[in-house]
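Work through the exercises below with the coordinates open. Each task is followed by a worked solution.

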Amino acid sequence: MKNRTIRAVQAGLLLLAAGLVALGAYSGEAQAVFVKATKICMECIGLG
């Protein structure tokens with residue numbers, strides 16, 4: 001019974017995480033994160 005409960009919690013958390021990732025991508029946050037990451041990388045190698 002304990003193993004079954006753990007599996008159910010894991011499945012629920014996985015679905016929640018996937019839903020939040022989809023929500024973030026839908027709202028345009030993926031592009032904002034990509035732009036910030038690009039700026040940081042350019043600064044690290046001295047081009048920014």
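Helices here are DSSP runs of H or I, at least four residues long, numbered from the N terminus. With that rule, α1 is followed by G28, whose phi is positive, near 90°. The model is a predicted one.

**Exercise 1. Take stock of the fold.**
Task: State how many helices and strands the protein has, and give the span of its C-alpha trace along the principal axes.

Solution.
- Step 1. Count the elements. There are 2 helices and 0 strands.
- Step 2. Take the extents. The C-alpha trace spans about 55 × 25 × 5 Å along its principal axes.
- Step 3. Add the surface. The accessible surface comes to about 4,500 Å². Carbon and sulfur atoms account for 70% of that area.
- Step 4. Check burial. The cut-off for buried is under 20% relative accessible area. Of the 48 residues of the protein, 2% count as buried.

**Exercise 2. Compare each helix with its expected span.**
Task: For α1 and for α2, set the reach from first to last C-alpha against the expected value.

Solution.
- Step 1. Fix the rule. The expected span is 1.5 Å times one less than the number of residues.
- Step 2. Apply it to α1. This helix covers residues 2–26. It has 25 residues and reaches 36 Å, close to the 36 Å expected.
- Step 3. Apply it to α2, residues 29–44. It has 16 residues and reaches 23 Å, close to the 22 Å expected.
- Step 4. Look past the end of α2. G46 follows this helix, with a positive phi near 90°.

**Exercise 3. Judge the exposure of α2.**
Task: Does α2 lie largely buried or largely in the open?

Solution.
- Step 1. Count the buried residues of α2. The number is 0 of 16, so the helix lies largely in the open.
- Step 2. Sample one residue. A37 is in α2. Its relative accessibility is 35%, so A37 counts as partly exposed.
- Step 3. Relate A37 to A22. They are 15 residues apart in sequence and 19 Å apart in space, C-alpha to C-alpha.

**Exercise 4. Locate the nonpolar patch.**
Task: Which residues make the nonpolar surface patch?

Solution.
- Step 1. List the members. They are V9, L13, L16, L20 and L23.
- Step 2. Give the area. The patch is about 500 Å².
- Step 3. Test one member. L20 is found in α1. The cut-off for exposed is over 50%. L20 has 52% relative accessibility, so it counts as exposed.

**Exercise 5. Test the cysteines.**
Task: How many disulfides are there?

Solution.
- Step 1. Set the cut-off. A disulfide needs two cysteine sulfur atoms within 2.5 Å.
- Step 2. Count. The result is 0 disulfides.
- Step 3. Check C41. It is in no disulfide, and its nearest cysteine sulfur, that of C44, is 6.2 Å away.
- Step 4. Check the partner's surroundings. C44 is exposed, with a relative accessible area of 64%.

**Exercise 6. Read distances from α1.**
Task: What C-alpha separations link A18 to Q31, and T5 to S27?

Solution.
- Step 1. Start at A18, which lies in α1. A18 is partly exposed, at 45% relative accessible area.
- Step 2. Go to Q31. The two are 13 residues apart along the chain, and their C-alpha atoms are separated by 18 Å.
- Step 3. Turn to T5, also placed in α1. At 44% relative accessibility, T5 counts as partly exposed.
- Step 4. Go to S27. T5 and S27 are 22 residues apart along the chain, with 33 Å between their C-alpha atoms.

Note on methods
Residues numbered from 1 in each chain as written. Predicted model: local features only at pLDDT ≥ 70, side-chain atom pairs only at ≥ 80, totals over all residues. Heavy atoms only, no water. Patch = residues over 30% accessible without salt bridge, like charges linked within 9 Å, V, L, I, M, F, W, Y side chains within 5 Å. Areas by Shrake-Rupley, 256 points an atom, 1.4 Å probe, with all protein chains shown as cover. Salt bridge = Lys/Arg side-chain N within 4 Å of Asp/Glu carboxyl O. Buried < 20%, exposed > 50% of the residue type's maximum accessible area, 1.4 Å probe, protein only.
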